[in-house]
Amino acid sequence: MTGCEIERLTFDGEAVTYWSQGDPRFRNWPVVYTLESHKQVYVGESLNAAARLRQHLDSSSKRGLTHAKVIVGETFNKSACLDLESY
């Protein structure tokens, strides 16, 4: 895979808010992301990573996850992200 970036951040409200103010693609571009702890990994996809990470922060099922990685690709589209998520 070429032309992609992996954004790494702490999975907490302050970090997500700060991060989401960066690249406009974090709010309007298809991405694949992971939420992680030392025991588990959650994989997802979204067209608005900033909003989706905030939704996860509000979800009790994602408590204990401590880090996020967001993969942004210049050629990503919704279909490609769905394929990557399911893979």
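## Gln40, between two strands

A residue is called partly exposed when its relative accessible area falls between the buried range, under 20%, and the exposed range, over 50%. Gln40 has a relative accessibility of 41%, so Gln40 counts as partly exposed. The model you are looking at is a predicted one, so please read every value here as computed from that prediction.

Where does Gln40 lie? Its place is the loop between β2 (31-36) and β3 (41-46). Setting aside residues up to four places away in sequence, Gln40 touches Leu35, Arg63 and Leu65. If you would like a distance to check, take Ser59: Gln40 and Ser59 are 19 residues apart in sequence, and their C-alpha atoms are 16 Å apart in space.

## Aromatic pairs

How many aromatic pairs does a search of the whole structure find? The search returns two. One of them joins Trp19 and Phe26, with ring centres 4.1 Å apart and 15 degrees between the planes, and this pair is stacked. Trp19 and Phe26 are both buried. Tyr33 and Tyr42 form a pair as well: their ring centres are 6.3 Å apart and their planes meet at 40 degrees, so this pair is tilted.

The two tyrosines can also be described by their accessibility. Tyr33 has a relative accessibility of 1% and therefore counts as buried, whereas Tyr42, with a relative accessible area of 26%, is partly exposed. Tyr42 has a charged neighbour too: Lys62 lies over the face of the Tyr42 ring, at 4.3 Å from the ring centre.

## Two helices side by side

Two packed helices are described by two quantities, the angle between their axes and the distance between those axes. For helix α1 (residues 13-20) and helix α2 (residues 49-58), the angle is about 170 degrees and the axes are 10 Å apart. Angles over 145 degrees count as roughly antiparallel, so α1 is roughly antiparallel to α2.

Which residues make the contact? On the α1 side they are Gly13, Val16, Trp19 and Ser20, and on the α2 side Ala49, Ala50, Leu53, Arg54 and Leu57. Sorted by class, this contact of α1 with α2 has six nonpolar residues, two polar ones and one charged one. Trp19 thus appears here as well as in the stacked pair with Phe26.

## Gly73 and Glu74

These next two residues follow each other along the chain. Gly73 lies in strand β4, while Glu74 is found in the loop between β4 (67-73) and α3 (78-86). Is each of them buried or exposed? Gly73, at 1% relative accessibility, counts as buried; Glu74, with a relative accessible area of 56%, is exposed.

Both residues have a partner 70 residues away along the chain. For Gly73 that partner is Gly3, with the C-alpha atoms separated by 5.8 Å. For Glu74 the partner is Cys4, and the C-alpha separation is 6.1 Å. Leaving aside neighbours within four places in sequence, Gly73 is in contact with Gly3, Cys4 and Trp29. Under that condition on sequence, Glu74 touches Gly3 and Trp29.

## Cys81 in helix α3

The last stop is Cys81, which lies in helix α3. Its relative accessible area is 0%, so Cys81 is buried. Not counting residues up to four places away in sequence, what does Cys81 touch? The list is Pro30, Val31, Val32, Glu45 and Phe76.

Cys81 and Ser46 give one more distance to look up in the model: they are 35 residues apart in sequence, and their C-alpha atoms are 7.9 Å apart in space.

Technical notes
Residues are numbered from 1 along each chain as its sequence is written. This is a predicted model: local features need pLDDT of at least 70, side-chain atom pairs count only at pLDDT 80 or more; totals for chains, interfaces and linings use all residues. Side-chain values use heavy atoms; hydrogens and water are left out. Rings of Phe, Tyr and Trp (its six-membered ring) pair if their centres lie within 6.5 Å; planes under 30 degrees apart count as stacked, over 60 as edge-to-face and the rest as tilted. Buried means under 20% relative accessible area, exposed over 50%, partly exposed in between (1.4 Å probe, protein chains only). A charge sits over a ring if NZ of Lys or CZ of Arg is within 6 Å of the ring centre and within 35 degrees of the ring normal. Axes are lines fitted to C-alpha atoms, for helices over the stretch in contact, and angles run from 0 to 180 degrees between N-to-C directions. Helices (H or I, at least four residues) and strands (E, at least two) are DSSP runs, numbered from the N terminus. Angles under 35 degrees count as roughly parallel, over 145 as roughly antiparallel, 65 to 115 as roughly perpendicular and the rest as oblique. Contact means heavy atoms within 4.5 Å. Ala, Val, Leu, Ile, Met, Phe, Trp, Tyr, Cys and Pro count as nonpolar, Asp, Glu, Lys and Arg as charged, and the others, Gly among them, as polar.
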